[in-house]
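Open the structure in your viewer and keep the selection tool at hand. This tour goes stop by stop, saying what to select and what you will find there.

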Amino acid sequence: MRFIIEHLSKHFEKKEVLKDINFTFEEGKIYGLLGRNGAGKTTLFNCINRDIRSDGGTFYLEADDGRRELRAEDIGYVLSTPTVPEFLTGREFLKFFMDINEKSIQNPRTTEEYFDEISIAPEDRDKLLKDYSHGMKNKMQMLVNMIAEPNILLLDEPLTSLDVVVAEEMKSLLRSLKQGRVTIFSTHIMDLALDLCDEIVLLNHGELEVVEKSNLDSYGLRDKIMLALREEEHE
Amino acid sequence: MSKTLILSFSLKNTYRVNSILYSLKQIPILKRILPDTLYQERGLKIFANVLSVLWEIISVFIGKLLYLLLMVFGAGKLYDRLPDMQVFLHILLFLTLIGGFANTKMFDPSKDKYYAMILMRMDAREYTLVNYAYAILKVVVGFLPLTILFGSLSGLPLWLCFALPFSIAGCKIAIAAASLWDYDRRGGVYNENKLNRYIWIGFGVLLGAAYGLPALEMTVPVKLCVCLMLSFIPMGAAGSYKIFSFQNYREINQELLVQQTNQMDTAAQITKAGVEKKISADTSISSNRKGFEYLNELFIKRHRRILWSATEKIACVCAACIFGAMLILYLYPEMKHEAGKQVKNCLPYFTFIMYMINRGTGFTQALFMNCDHSLLTYSFYKEPKCILKLFQIRLREIMKINAVPGLIIGVGLALILYVSGGAYGWMDYGVLVVSILCMSLFFSVHYLTIYYLLQPYNAGTEIKSGMYKVIMSVTYFCCFYMTWLRIPMMAFGSMMIVFCVVYSVIACVLVYRLAPKTFKIRS
């Protein structure tokens, strides 16, 4: 399966944020999306998730049996600020999510098993989500995206402001989830991108470009990324 | 000192100019015409600067004009059995005392103070003194022509009219100085926006004295009033010494503004936190339903305080009012004729009452803040069939919630009409009950439809739709306008029933057609 973006463009007033983007993402890989502040990473995600209307462009999923347009249920979107319905308990949210997605969840497990998997302690499972910590909310958000098994998982800086333990747990969770789907992970932290991602993609001047790893070691790659992102300043 | 004055002025002015430009950008049609670079546009900046300076000048007088005109002079005219001068001075004395505490000009945690002293690190003592002196000058200059005008109209001697602005300023200075002295002694900073219970009780007593005593034809004697008002002048002069010699302005402002710093970027988050607090922490709440019905039932149960409890309270108050009205009619049968006439002509008035008591805005606000704000980021939640299913469920719930007081008011009015013997036939009763219920239906549908079609909030829970604000205001004004109408019950009731039903049908059709596209978080 491949996720294909064709001719995606988006502008705000006179500023062209995304310029006729054409890009193909491959299944089974985690793509690290890097870009300067204001480069348009969140805009790109919002366009894919249809939260904002793009000026033009189409999204396809391509498999061996042909291509089809992207549908809402193909996408899982984890935001940097976790959003969970505050008036439900963790368990209720999970039950509600599983009720609604009953037909599409393959091999459903019990709520307890799901909670165990993301290490949410038994005493926290029946607390209101509004009283969850930032990290726990983040885990819940990841969990429902995990259960839904979307073809495309968009992650907008999801590990920022998590403590080291939760961040490591989330990283291993993401690695375990990457098979069978396209994962696009936007971040500002280069170490994280290099550590977790299979491919590094830069969003620069409104265009997406892959950073070829060729034979570079981590330091060489780092320099190459910095050079590419800094170029912008000199133009 | 003069540099501080100029700096603080220019800071305040910049802040005000940018606020004006920002407000312009919020007006629905204008925002499309104005460029994103409006903060750089010279012409627009000059325009906003002119407005800002004009406002600075007008603000010296406008509030004081309204205050003296409505609260002192105008209110005084209502007590026609007492001499004008006596009432004028009596009310002014008590209100000046309240103003001394409520509008200190020093202990108000405002944004410009935060910018100047905390962000820009200006010298707190100098900044406070310069701005305080300017504020007091505005009090004197602003009040002077007005006390001369209204004082003379009330028969006060001219010398007293001249002295009154200084008395008002003196009262403020004396109270501010006393608060500083209290800070030195006990350490607590007085915050005029966070008054404690005792001060509120004090205000209540002073207000009661200001307006209640004249109603009983009692006032503080003129001579005593004059003496007290004049005594504020030397007290103010003494207070000035304390204000000038006080050294810890940095400390008190730090303490005053510490809460403000939290508010700076997060006005919307405070609203959100407020709405979040309304979620019931009762752990026994549960639901046996499934899917969206499950979500809805838990939402309704956990928001009982702002939905069902509120509507039950309103219903009880309505029932009590109706019972009271029936009791009056029983005790004073001669009023029946008039009561019947009122009920038959006052139906439009009840549009406003139904507007006031409907739970629509509270419901949609809680829906967004505590539920849709988060769930709308999940793709399954945005699927058209889910949006419509949930709309159906929510409409049913809010209709039930609003129908309870509607039914009580409708039946209650019909009872009053029956007791007063004013109905022409059973149709009258029917129209009365049904039209009130239709009004409750209308408000239920109206708020939920507007919410689904305009979804005004962004991810930061700020209202971003100018159209939403316009519709909310138009709704208010239309309902308010109804209070002026006197239309026979049958005519108005039938029109209302037809209007509400047609509106509801159209609204639901629109939601079914458009909501899948419009119901999303604003960017």
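Start in chain A by selecting strand E3 (residues 30–34) and strand E9 (residues 199–204): they pair in the parallel sense over four bridges. Pairing here calls for at least two DSSP bridges between the strands. Helices (H or I, at least four residues) and strands (E, at least two) are DSSP runs, numbered from the N terminus. Show Tyr31(A) and you will see its bridge partner in E9(A), Glu199(A).

Before moving on, a word on the model: it is predicted, so local features need pLDDT of at least 70 and side-chain atom pairs count only at pLDDT 80 or more, while totals for chains, interfaces and linings use all residues. Residues are numbered from 1 along each chain as its sequence is written, and chains are lettered from A and ligands numbered from 1 in the order in which they are written.

**Along E9(A) to a hairpin**

Stay with E9(A) and add strand E10 (residues 207–210) of chain A; the two run antiparallel and are joined by four bridges. Val201(A) stands opposite Val210(A) in E10(A). These strands form a hairpin with two residues between them, and His205(A) in the turn has a positive phi of about 50°.

**The four-stranded sheet**

Next, select E1, E2, E4 and E5 of chain A. In what order do the strands of this open sheet lie? The order is E2-E1-E4-E5, with antiparallel pairing. At the edges you will find strand E2 (15–26) and strand E5 (66–69), each pairing on one side only. Neighbouring strands are turned by 20° against each other on average, direction ignored.

Helix H1 (residues 41–48) of chain A packs on this sheet, where it touches strand E1 (2–12), E2 and E4. The direction of H1(A) makes about 65° with that of E2(A). For such figures, axes are lines fitted to C-alpha atoms, for helices over the stretch in contact, and angles run from 0 to 180 degrees between N-to-C directions. Contact itself is defined by C-beta atoms, placed from the backbone, that lie within 7 Å.

Now zoom in on strand E4 (residues 56–63) and E5(A), which pair in the antiparallel sense over four bridges. Leu61(A) has Arg68(A) as its bridge partner, and Ala63(A) stands opposite Gly66(A). This is another spot to look for a turn: E4(A) and E5(A) form a hairpin with two residues between them.

**Two helices in chain B**

Move to chain B and select helix H4 (residues 84–102) with helix H9 (residues 222–245). They pack at an angle of about 40°, with their axes 9 Å apart. H4(B) and H9(B) are therefore oblique to each other, a term for angles outside the ranges under 35 degrees (roughly parallel), over 145 (roughly antiparallel) and 65 to 115 (roughly perpendicular).

Which residues of H4(B) meet H9(B)? Show Met85(B), Gln86(B), Leu89(B), His90(B) and Leu93(B), which meet Val222(B), Cys225(B), Val226(B), Leu228(B) and Met229(B). By class, this contact has eight nonpolar, two polar and no charged residues. Ala, Val, Leu, Ile, Met, Phe, Trp, Tyr, Cys and Pro count as nonpolar, Asp, Glu, Lys and Arg as charged, and the others, Gly among them, as polar.

**Where the chains touch**

Finally, display both chains: the contact takes 24 residues from chain B and 23 residues from chain A. On the chain B side, helix H12 (291–302) and helix H16 (360–375) each supply at least two residues. H12(B) gives the largest share of that side, six residues.

Terms used. Contact = placed C-beta atoms within 7 Å.
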